[in-house]
Amino acid sequence: MPETTTDPRFVVVANRLPVNRVTDADGGTSWQTAPGGLVTALEPLMREKGGAWIGWIGAPDEVVKPFRHDGYQIVPVELSEAEVEDYYEGFSNGTLWPLYHDAVAFPEYHREWWDAYKQVNKRFAEAAAASAGHGATVWVQDYQLQLVPAMLRELRPDLKIGFFLHIPFPPIELFEQIPWRRQIIEGLLGADLVGFQTPAGAQNFLRLVRKRTDNRVERYRVFVKDSHVCAARAYPISIDVQGFHDLAQSPEVKAESEALLEELGHPKNILLGVDRLDYTKGLRQRIRAVGELFASGQLDPDETVFLQVATPSREDVEQYRVLRDDIDLLVGRINSQVGGVGRPAISYRHAGFPRATMAAMYRIASVMLVTPLRDGMNLVAKEYIACHPGRAGALVLSEFAGAARELKRAYIVNPYDLDGLKETIIEALTDPYAERSKRWRAMQRQVWNHTIDDWANNFLRDLEGEPEPEPEPEPAEPEA
Ligand code: ADP
Ligand code: G6P
């Protein structure tokens, strides 16, 4: 196990690497930084401290040697085709993802998925153990790697180990379904600090530890028997606010938003939805609600367009394929029934777009619809606030997104309540300027004062140093 002082002092372990492979003009391949807040926030720290990022390149059966990229080390972890099926599509996205999102889709339990999950987590833990310098900080990310903290502590007790869960941590009544629940709790407890998006997530975890282990728990600290103290607290993630703002102000993005307006026929109102095509995002309910508003004449397709973009995602998982077909059908049906002059009422684009195009869309959206059935945070809501110019954008936001805790002045909705959703969309569109701008200013203040850098710095300060004094207790806020 290499432990020289020149080895990385800061190691990130995530299912995906922060780079994409691109084919150059001459047919060769190179690596490009993948756009994303996490990468933007952590790259400077990686360069400063000497860092390594351990992750999967996103394709099966490929062996890529570790390489340097932008001043830090990239350490690819290989997954076989069977592991992609059982660990990634299976246990991560067929068991944990639906279960942790309130079981909005049916979570499946298969022993071979669990075996693959253990095996792959072990591989990531071994790669981290082999890369990290003595006493380094290792920060493990998300639900795909919940066993890594304990596995890594076993291999390298000298390390500071942090874990952050980007998705909700479910109420214990749901978590307890997992046949291997004890191993997952113990996996997470291997960390010195476990971060959650909301205080409710941290409370769910601590309740579970109290009920299912015999470790002593005092407020947010777990005294793991004969070992260490594991703290569990909320660190709501954010975005690179300045970066998004500057991008949206750039002449290129302004020109792109003009072109988009032209393409949409300069409608008076644009409703916008931007999501990964995922069943947690409430797309069926959202599209039905807007469709009914068009059908009843409350929205006039001559003056309003609903632009919905959906990035293809996890297409080899059955539930995602079903969703894709359902949405195609739903949009097709609505567009055949209602339509504006020369254009459909719903402009649906099933594709990923460059960040600049996203910023152009945020610029022109009169009302942004973020209505997930459950979401850890939802960064799209924050990106809209950073990008939309003027003082009176309007955000319709699900009460079940982590972001609703922070963006209290959004138009908050229960996405399951179709009538409520319809009323709120109309309210957001028609409220007087003064009301919209009051709400907008409050949301802008919140977003500008809590950036992705604050998130990373707060987490790492608590992991590496003494935790801040406990803030005033929050009122209990159960997640279900
Ligand atoms: P999740 O992490 O579940 O996908 P978030 O809203 O937190 O949900 O983050 C989604 C990220 O993906 C945002 O940064 C958003 O800009 C980006 N994104 C979503 N849809 C698209 C798209 N069609 N093209 C490009 N990026 C997208
Ligand atoms: C969510 C998860 C991430 C994941 C991302 C994209 O944001 O929290 O861990 O990387 O979705 O999903 P994918 O399965 O394509 O990595």
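Is N378 buried or exposed? That is where this set of close-ups of a predicted model begins.

**View 1. N378 in its loop between a strand and a helix.** N378 is buried, because its relative accessible area is 6% and the cut-off for that label is under 20%. You will find N378 in the loop that runs between β18 (367–370) and α13 (379–387). Two partners of its side chain are worth picking out. One is D375, whose side chain joins that of N378 in a polar contact of 2.9 Å. The other is V380: the side chain of N378 reaches the backbone nitrogen of V380 at 3.1 Å.

**View 2. Ligand 1 and the residues around it.** Here you can explore a shell of 15 residues, with R276, K281, T311, F353 and E383 as the closest. Start with the two basic side chains. R276 places a polar side-chain atom 2.8 Å from an oxygen atom of ligand 1. For K281, an N or O atom of the side chain is 2.8 Å from an oxygen atom of ligand 1. F353 takes part through its backbone, where an N or O atom lies 2.7 Å from a nitrogen atom of the ligand. On its own, ligand 1 has 570 Å² of accessible area, and the protein covers 76% of it. At least two shell residues come from each of β13 (269–276), β14 (304–311), α12 (355–364) and α13. By type, the shell holds eight nonpolar, three polar and four charged residues.

**View 3. Ligand 2 and its surroundings.** Around ligand 2 you will see R16, Y88, W97, D142, Q144, H166, I167, R276 and R314. R276 may look familiar, as it is also listed among the closest residues to ligand 1. Three side chains make good starting points for a look at the polar contacts. In R16, a side-chain N or O atom is 2.6 Å from an oxygen atom of ligand 2. Y88 has a polar side-chain atom 2.5 Å from a ligand oxygen, and for D142 the distance from a side-chain N or O atom to an oxygen of ligand 2 is 2.5 Å. Taken alone, ligand 2 exposes 380 Å², of which the protein buries 70%. The shell is made up of three nonpolar, two polar and four charged residues.

**View 4. The largest nonpolar core.** This core has 167 residues, and the members that touch the most others are W53, Y100, F124, I184, L395 and L397. Helix α3 (residues 111–131) provides the largest share, with 10 residues. Both domain 1 (10–234) and domain 2 (241–450) contribute, each with at least three residues. As background, nonpolar side chains tend to be buried together in soluble globular proteins.

**View 5. Two aspartates with positive phi, D70 and D226.** Most residues other than glycine have a negative phi. D70 has a phi near 50 degrees and sits in the loop between β5 (67–69) and β6 (72–76). D70 counts as partly exposed because its relative accessibility is 42%. For D226, phi is near 55 degrees. Look for D226 in the loop between β11 (221–223) and β12 (229–234). With a relative accessibility of 84%, D226 counts as exposed, a label that applies over 50%.

Technical notes:
Residues numbered from 1 in each chain as written. Chains lettered and ligands numbered in written order. Predicted model: local features only at pLDDT ≥ 70, side-chain atom pairs only at ≥ 80, totals over all residues. Heavy atoms only, no water. Near = heavy atom within 4 Å. Polar contact = N/O pair within 3.5 Å; in protein donor to acceptor, adjacent residues only side chain to side chain. Areas by Shrake-Rupley, 256 points an atom, 1.4 Å probe, with all protein chains shown as cover. Nonpolar A, V, L, I, M, F, W, Y, C, P; charged D, E, K, R; others polar. Core = buried A, V, L, I, M, F, W, Y, C linked by side-chain atoms within 4.5 Å. Buried < 20%, exposed > 50% of the residue type's maximum accessible area, 1.4 Å probe, protein only. Helix = DSSP H or I, 4+ residues; strand = E, 2+ residues; numbered from the N terminus. Domains from an automatic or database assignment.
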